[in-house]
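Visitor: I have the model open beside my bench notes, and I would love a close look at one part of it. Could you take me to a helix and show me what it touches?

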Amino acid sequence: MGELSQSWWLLLVRGLAAVVFGVLALIWPGITLLVLVIFFGAYALVSGLFELFAGFRHGTRSRAWLIISGLIGILAGIVALVWPGITSLALLYVVAFWAIFTGVSEIVAGIHLRKLIDNEWMFIVGGALSVIFGVLLLIWPGAGMLSLVWLIGAFVILYGLAMIALSLRVKNFTPRAGVP
């Protein structure tokens, strides 16, 4: 568990990047599809790289989930950056499936961490928000890109705040009695 507390800053950077991305999406709601694709691609790539790094860095049972989720994030980011002319509906589905998979992997990681740290629910809340966001995008795909920008902005800010809170909790980690 010491490895997790040493890499607390990875969660903090992911959370801060999410908040910045969310604020940018809300400030410029009339953002073009190309810029939105580039913002999403950059965020997914950075988030995936940090998840992959975290997965290789510590030996928790959720290591495989972090690695898989990181690879999915990297792939989603590359797809968005390589094909910026992607249609809004295709982008919506890429974002939806990425959010669902990332959320499920974070819920699983949070469940595994419940025996090691207090307040693991913050990781689970971040994952649940991600899953809910992805499912809402799949249910209402015709809502349009402006709605997607607002949904992405709100989701990413909430998600980022959950990751920042988790990072601060992990930074101050002290093992429970009886846990190695």
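**A close look at helix α2**

Guide: Happy to. The chain has seven helices and zero strands, so to speak a plain α-α-α-α-α-α-α when read along the sequence. Please keep in mind that this is a predicted model. For a little background before we zoom in, buried residues account for 47% of the 180 residues in the chain. Among contacts between residues at least 6 apart in sequence, 81% join residues at least 24 apart. The accessible surface comes to about 8,300 Å², and carbon and sulfur atoms hold 77% of that.

Now to the part I would pick for you: helix α2, which spans residues 8-27. Let us begin with L11, which lies in this helix. L11 counts as buried because its relative accessibility is 11%, and the cut-off for buried is under 20%. What is L11 in contact with, once its neighbours within four places in sequence are left aside? The partners are F123, M163, L166, S167 and V170. Take L166 from that list: L11 and L166 are 155 residues apart in sequence, yet their C-alpha atoms are 7.3 Å apart in space.

Next along helix α2 comes R14. Its side chain meets that of E106 in a salt bridge, at 2.8 Å from N to O. The two residues are 92 apart in sequence and link distant parts of the chain, with R14 in helix α2 and E106 in helix α5 (residues 88-113). A search of the whole structure finds one salt bridge, and the R14 and E106 pair is a salt bridge. Are these two charged partners buried or exposed? R14 counts as buried at 5% relative accessibility, and E106 counts as buried too, at 1%.

Further on in helix α2 you reach G22. G22 is buried, with a relative accessible area of 0%. Leaving aside neighbours within four places in sequence, G22 is in contact with G153, V156 and I157. F155 is worth adding here: G22 and F155 are 133 residues apart in sequence and 7.4 Å apart in space, C-alpha to C-alpha.

F155 leads us to the aromatic rings. The structure holds eight aromatic pairs. In one of them, F133 and F155 are stacked, with 4.6 Å between the centres and 5° between the planes. This pair also links distant parts of the chain, since F133 sits in helix α6 and F155 in helix α7 (residues 145-171), 22 residues apart. F133 is buried, with a relative accessible area of 6%, and F155 is buried as well, at 8%.

Two more aromatic features are worth finding on your screen. F21, F39, F40, Y43 and W98 form one aromatic cluster. K171 lies over the face of W8, 4.7 Å from the ring centre.

For a contrast with these buried residues, turn to the surface. There I132, V135, L136, I139 and W140 form a nonpolar patch, with about 470 Å² of accessible area together. I132 lies in helix α6, residues 121-139.

To retrace the walk along helix α2: L11 is in contact with residues including L166, R14 forms a salt bridge with E106, and G22 is in contact with residues including G153.

Key
Residues numbered from 1 in each chain as written. Predicted model: local features only at pLDDT ≥ 70, side-chain atom pairs only at ≥ 80, totals over all residues. Heavy atoms only, no water. Salt bridge = Lys/Arg side-chain N within 4 Å of Asp/Glu carboxyl O. Helix = DSSP H or I, 4+ residues; strand = E, 2+ residues; numbered from the N terminus. Buried < 20%, exposed > 50% of the residue type's maximum accessible area, 1.4 Å probe, protein only. Patch = residues over 30% accessible without salt bridge, like charges linked within 9 Å, V, L, I, M, F, W, Y side chains within 5 Å. Areas by Shrake-Rupley, 256 points an atom, 1.4 Å probe, with all protein chains shown as cover. Contact = heavy atoms within 4.5 Å. Phe/Tyr/Trp six-rings, centres within 6.5 Å; stacked < 30°, edge-to-face > 60°. Lys NZ or Arg CZ within 6 Å of the ring centre and 35° of its normal.
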